[in-house]
Amino acid sequence: EKIIVMQIGIITVHDTVNYGATLQAVATYKAISKLENQNVEIIDYRCKSIDIRELPKKKYDFRSGTIKGFIYYLLTKKKNIRKYNEIHRFLIENTKVSSCYDENNIKQTNDKYDCFLIGSDMLWQLDYTDSDLTFFLNFTDKKKVSFATSIGKFWSNNQFELVKTYLNDFAVISVREKNFADFLCNKLDRKVNYVCDPTMLLDTNEWVKYVGKRKIHEKYSLVYMDDLAKNCKSNALNYSKKNQCLLYEIGIKNPLKKYHGYKILEVYGVEEFLNAIYYSEILYTASYHGMLFAIYFHKPFVYYNKDSNRLENLANQLGLQERNGNKYDPMLMKAIDWNLVDEKRVKFSKKSLECLDSSFL
């Protein structure tokens, strides 16, 4: 009997300076690659709105900027380009990416793929994509699958009416936020799966192999993304003082700014990002993927909700609610029972992987 190999095209946020977006794009690709009888490729789809947000700025916008902002732009431009190049290299080395498409020629992909998968990241956040309906796979009548797609901010009634027809055309819908899954299930009157982030589908050892040797030899705590109230960095400063260790914040150093009590850790590639978390004493973060990789690497962490409840959903799923720095005093938090967390994580991952596998049947 002849084995039929399904050609799958992934549309996701893949060309970016964002570590989390790149990691989940690579993880989605790798997870599907391991399934039987599937041939997968990331479609290099260009959305102007996403490119403006995700790629290094080629020009400075004086209409909305300031002279001080322009000076900062000039001083950090080369570093941002270097960061982009390093992250892009990681993507290219770990995935297969198609030739370039946009809204005008995306229909041509129908000749190449048997199935299209959308996910993950905030591709159903219409403000983020400038209502680009390509992310609802409006260009094809082939099989449509969503995996770990995210919304961020909920749609208005008018926005929901705009996308409702396209959503009903999906063979399988799986999303990354529990309340979004409940919302779609209710609105569409159909099964919607709540699944893990794609990075959780890979064994921790697969991520550890990218870490490399320790680069900072002193004991240090780490901040990655502050919350809107600035509690994340403030609490991290308190921790570092009490525990007499260095405090680093992942970012690009602003030459116009003075830093008190902490240093900027300029990391460029994905490997450096993973290295920084892996060797830290503790991570304070408002980043979803910062929190995820602290969990994979068994690093104590404190999380802060920023502009969605993704982190809270994850904490509830893995029994880590008491790591919420918005609700609990970080200094009084108990040690994490990693055996219990791993048990729940593996169960969630296995269920999500089964969901992904069955999506292509």
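Two strands count as paired when DSSP finds at least two bridges between them. Keep that rule in mind as we walk through this predicted model, beginning with a set of paired strands and then moving on to its pockets and cavities.

Let's start at strand 5, which covers residues 143-149. How many of the seven residues of strand 5 are buried? Six of them are, so strand 5 is largely enclosed by the rest of the structure. Here, buried means under 20% relative accessible area. As you look at the strand, remember a useful general point: in a regular strand the side chains alternate between the two faces of the sheet.

Strand 5 has partners that you can find in the structure. One of them is strand 4, residues 115-118, which pairs with strand 5 in the parallel sense over four bridges. To see one such contact, find I118 and look across to its bridge partner in strand 5, S146. Another partner is strand 6, made of residues 172-175; it runs parallel to strand 5, and three bridges join the two. Here you can look for V145, which stands opposite V172 in strand 6. How does the chain get from strand 5 to strand 6? It passes through helix 5, residues 157-168, and this β-α-β crossover is right-handed.

Now let's turn to the open spaces. The largest pocket holds about 1,100 Å³ of space. Its lining is made up of 30 residues, and those nearest the centre are Y72, N80, K83, G251 and I252. Which elements bring at least two residues each to this lining? They are helix 2 (48-54), helix 3 (67-94) and strand 9 (246-250). Helix 3 provides the largest share, with six residues. If you sort the lining of the largest pocket by chemical character, you find 15 nonpolar residues, 11 charged ones and four polar ones.

The second largest pocket has a volume of about 610 Å³. It is lined by 21 residues, and N18, M122, M225, D307 and R310 are the closest to its centre. Four helices each supply at least two residues of this lining: helix 1 (19-33), helix 2, helix 10 (288-296) and helix 11 (310-318). Helix 1 gives the largest share, three residues. The lining of the second largest pocket splits into eight nonpolar, seven charged and six polar residues. Helix 2 is worth a second look, as it supplies at least two residues to the lining of the largest pocket and at least two to that of the second largest pocket.

Finally, let's look for cavities. The count comes to two cavities of 30 Å³ or more. The largest cavity contains about 80 Å³ of space. Around it you can pick out a run of residues from I11 to D15, along with Y45, R46, C47, I50, D51 and F135. Six residues of this lining are nonpolar, three are charged and two are polar.

In the second largest cavity there is about 40 Å³ of space. Its lining consists of R176, Y194, V195, C196, D197, Y288, R310, N313, L314 and F348. Which helix gives the most to this lining? That is helix 11, with three residues. By character, the lining of the second largest cavity has six nonpolar residues, three charged and one polar. R310 links two stops on our tour: this residue lies among those closest to the centre of the second largest pocket, and it also lines the second largest cavity.

Conventions:
Residues are numbered from 1 along each chain as its sequence is written. This is a predicted model: local features need pLDDT of at least 70, side-chain atom pairs count only at pLDDT 80 or more; totals for chains, interfaces and linings use all residues. Side-chain values use heavy atoms; hydrogens and water are left out. On a 1 Å grid over the protein atoms alone, a cavity is a set of points where a 1.4 Å probe fits but cannot get out, and a pocket is an open set with protein on both sides within 12 Å along at least five of seven lines; lining residues have an atom within 4 Å of a point. Grid points are joined across faces, edges and corners, and a volume is the space filled by probe spheres set on the points. Ala, Val, Leu, Ile, Met, Phe, Trp, Tyr, Cys and Pro count as nonpolar, Asp, Glu, Lys and Arg as charged, and the others, Gly among them, as polar. Buried means under 20% relative accessible area, exposed over 50%, partly exposed in between (1.4 Å probe, protein chains only). A crossover is right-handed if, with the strands pointing away from the viewer, the path from the first strand over the helix to the second runs clockwise.
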